[in-house]
Amino acid sequence: MNPIDTFNLDIRSLSTFLAVLDEGSVSRAAIRLGVSQSAVSHTLDRLRQALGDALFVKSGRGIVPTRYAVQAGPHIRQILDDIHSLSSGPPFSPASAEFTFTIAANDYQRDLLLPGLLSVLRREAPGIRLQVIPSGIPTADMLRKDLCDLIISPHAPEATDIMQRGLMADHMVVFYDPAHRNAPETLADYLKADHVAILFGAGEKTALEDSLSARGLTRRTVVTVSNFSGLPGFLRGTDMLATAPKRMSEHLLQDFATAPLPFDHKPFTLLMLWHKRNQNDPAHRWIRNHVNGVAATLNDLNT
């Protein structure tokens, strides 16, 4: 790496890097930024030379970030947030702030990320109260109508006034009680088993169900629950299967064994979503940065 090159970085190039990191695609990043794919590719080439790393490499039909890019992401976000804060008005004082901040998150995201955020709030901003509500499959109106300040979900509404930031990647695996059955070894084993499934409160189908339907496949669901916390009670002591995010093996489903899904189902990214009117609000930005910090810590623990 040429250390002088790092001083030639600009806000636009760093913003392009984050767009590609969040979208996992040059073409989607170009749409998000309103520029051509070639412009994004050219900017990435300049960043590679400046930072001395490939940043993104081909994987199948898409691209994946290098370890350097994943680790650099939170730092670059902080740099850009600090620059943007120069025009955001009076400074925010966490220690003296008094308000309630509402986050919409289903139990998976809630249990994974929000206890860490609360620890930060109690230590640095004791006057900020945290309220957590279910997100289901979130809609843009949840943010537009102030039903919540922030959403954490793998599902992003398609709306130009909703901002997003990628927090962490995960993928679905099969959970089972090893005292009562073996891992499903084939797709046929998976489909003929009895399943505990998720059906969110408003009745929205999950991405997994859509993936099965697209393949013309049907599994035998004998019980549905409205959130992931309902899985252990039905799964324990039975020969049933439950399909859930791999990171749940670290807490809610830690007592169960896991096996890979016997069919292709693309990984997903947990996103942090907010309305653009709050983009430069210093208190909102401070909380978003700490949510991102909690996620970065968990990512470091899993590398």
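Start by selecting helices H1 and H2, which are oblique to each other in this predicted model. H1 covers residues 11-23 and H2 covers residues 26-33; they pack at an angle of about 125°, with 8 Å between their axes. That angle lies outside the roughly perpendicular range of 65 to 115 degrees and is not over 145, so the pair counts as oblique. Turn the view a little and check the handedness: the crossing of H1 and H2 is right-handed.

Now show side chains at this contact. From H1, pick Ser15, Thr16, Ala19, Val20, Asp22 and Glu23; from H2, add Arg28, Ala29, Arg32 and Leu33. Colour them by class and you should find four nonpolar, two polar and four charged residues.

Next stop: the sheet. Select strands E4, E3, E5, E12 and E6, in that order, to see an open sheet of five strands with mixed pairing. Which strands stand at the edges? They are E4 (128-133) and E6 (162-170), and each has a single partner strand, so one side of each lacks a neighbour in the sheet. On average, neighbouring strands here are turned by 20° against each other, direction ignored.

Zoom in on E3 (residues 99-105) beside E4. The two run parallel and are joined by six bridges. For a landmark, label Ile103, which stands opposite Val132 in E4.

Finally, bring in helix H5, residues 107-124, which packs on the sheet. H5 touches E3, E4, E5 (150-153), E6 and E12 (268-275). Compare directions before you leave: that of H5 makes about 175° with that of E4.

Key. Residues are numbered from 1 along each chain as its sequence is written. This is a predicted model: local features need pLDDT of at least 70, side-chain atom pairs count only at pLDDT 80 or more; totals for chains, interfaces and linings use all residues. Side-chain values use heavy atoms; hydrogens and water are left out. Axes are lines fitted to C-alpha atoms, for helices over the stretch in contact, and angles run from 0 to 180 degrees between N-to-C directions. Helices (H or I, at least four residues) and strands (E, at least two) are DSSP runs, numbered from the N terminus. Angles under 35 degrees count as roughly parallel, over 145 as roughly antiparallel, 65 to 115 as roughly perpendicular and the rest as oblique. A crossing is left-handed if the near helix is turned anticlockwise from the far one by less than a right angle, and right-handed if clockwise. Contact means heavy atoms within 4.5 Å. Ala, Val, Leu, Ile, Met, Phe, Trp, Tyr, Cys and Pro count as nonpolar, Asp, Glu, Lys and Arg as charged, and the others, Gly among them, as polar. Two strands pair if DSSP finds at least two bridges between them.
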